[in-house]
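Student: I've got a fresh model to look at before I set anything up. Can we walk through it together?
Tutor: Sure, go ahead and load it.

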Amino acid sequence: MHGLLMEKAPMDWQILQQENGFATVHLSGTWNAPQAALDIGVKAVRPVVRVVEEENNYQRIPWTEVRSRMTDRTLWKGVWEVELRIPTGGPYRIEGGLDTHSVTGLRWMFRGDARRHVGVGDLFVMAGQSN
């Protein structure tokens, strides 16, 4: 698969504990440019992530460039990481993408992994036994 891959991220349907109205989440993974971008000549790659409300696609955190390091310049592959502060609410969709620029002037956004139905709030555990 090409694009931005999330290897460390919340799971779908996960609720993150909030603190002072936000949850801090660390995301990381790998990225690689697709063959189509390599074929026309990639000159720049920018891994990005965003957080949108699932109900209306409102961007709570717009496309944000992540810290990235290239591991293979020939195939345009690398690793990335970012820490986001997501506001209380949800459900959210955390999306990854790869913003590529070619030597011919074309600019493509390739979508990557996404985590769906992520919420931010208070977590409670209720346990008991009925005899």
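Student: How many salt bridges does the count come to?
Tutor: Eight salt bridges. Keep in mind that this is a predicted model.

Student: Give me one. What does Asp99 meet in a salt bridge?
Tutor: The side chain of Arg46. The N to O distance is 3.3 Å. Asp99 sits in strand E8, residues 89–102, and Arg46 in strand E4, residues 42–53, so the bridge ties together parts that lie 53 residues apart in sequence.

Student: Is Asp99 buried or exposed?
Tutor: Asp99 is buried, at a relative accessible area of 2%. Arg46 is partly exposed, with 27% relative accessibility.

Student: OK, next one. Which residue forms a salt bridge with Arg50?
Tutor: Glu95 does. The closest N and O atoms are 2.5 Å apart. Glu95 is in strand E8 and Arg50 in strand E4, so this pair ties together parts 45 residues apart in sequence.

Student: And the accessibility of those two? Buried or exposed?
Tutor: Glu95 counts as buried, with 6% relative accessibility. Arg50 counts as buried too, at 13%. The cut-off for buried is under 20%.

Student: What does Arg111 meet in a salt bridge?
Tutor: Glu95 again, with 3.6 Å from N to O. The pair links distant parts of the chain, with Arg111 in strand E9 (residues 107–121), Glu95 in strand E8, and their positions 16 residues apart in sequence. Arg111 counts as partly exposed, at 47% relative accessibility.

Student: Which residues do salt bridges with shared partners join into one network?
Tutor: Arg46, Glu65, Asp99 and Arg107. That takes in the Asp99 and Arg46 pair we began with.

Student: Switching to sheets. What's the strand order in the open sheet of four?
Tutor: E1-E3-E7-E6, with antiparallel pairing. The edge strands are E1 (3–8) and E6 (67–72). Each of those pairs on one side only.

Student: By how many degrees are neighbouring strands turned against each other?
Tutor: On average 30°, direction ignored.

Student: And the E3 and E7 pair in the middle of that order? How many bridges?
Tutor: There are 11 bridges, in the antiparallel sense. Strand E3 covers residues 22–32 and strand E7 residues 77–87. To check the register, take Trp31: its bridge partner in E7 is Gly78.

Student: What about E4 and E5? How many bridges join them?
Tutor: Four bridges, and the strands run antiparallel. Strand E5 spans residues 59–65. Val51 has Ile61 as its bridge partner in E5.

Student: How many residues lie between the strands in that hairpin?
Tutor: Five residues. Asn57 takes a positive phi there, near 60°.

Student: I like odd backbone angles. Where else is there a positive phi of about 60°?
Tutor: Asn20 has one, although it is not a glycine. Asn20 lies in the loop between strand E2 (15–17) and E3, and this residue is exposed, with a relative accessible area of 70%.
Tutor: His117 also has a positive phi of about 60°, again without being a glycine. His117 is placed in strand E9 and is partly exposed, at 27% relative accessible area.

Student: Which peptide bond is cis?
Tutor: The bond from Gly90 to Pro91, with omega near 0°. Pro91 is found in strand E8.

Student: Last topic, empty space. How many cavities of 30 Å³ or more does a search of the whole structure find?
Tutor: One. The volume of the largest cavity is about 40 Å³.

Student: What lines the largest cavity?
Tutor: Ala37, Ile40, Val42, Thr100, His101, Ser102, Leu106, Arg107 and Trp108. Helix H1 (35–40), E8 and E9 each supply at least two residues of the lining. The largest share comes from E8, with three residues.

Student: How do the lining residues divide by nonpolar, polar and charged?
Tutor: Five nonpolar, three polar and one charged. Arg107 is in that lining, and Arg107 also belongs to the salt-bridge network with Arg46, Glu65 and Asp99.

Terms used. Residues numbered from 1 in each chain as written. Predicted model: local features only at pLDDT ≥ 70, side-chain atom pairs only at ≥ 80, totals over all residues. Heavy atoms only, no water. Salt bridge = Lys/Arg side-chain N within 4 Å of Asp/Glu carboxyl O. Buried < 20%, exposed > 50% of the residue type's maximum accessible area, 1.4 Å probe, protein only. Pairing = 2+ DSSP bridges. Axes fitted to C-alpha atoms, helices over the stretch in contact; angles between N-to-C directions. 1 Å grid on protein atoms, 1.4 Å probe; cavity = no way out; pocket = protein on both sides within 12 Å on 5 of 7 lines; lining within 4 Å. Points joined across faces, edges and corners; volume = space filled by probe spheres on them. Nonpolar A, V, L, I, M, F, W, Y, C, P; charged D, E, K, R; others polar.
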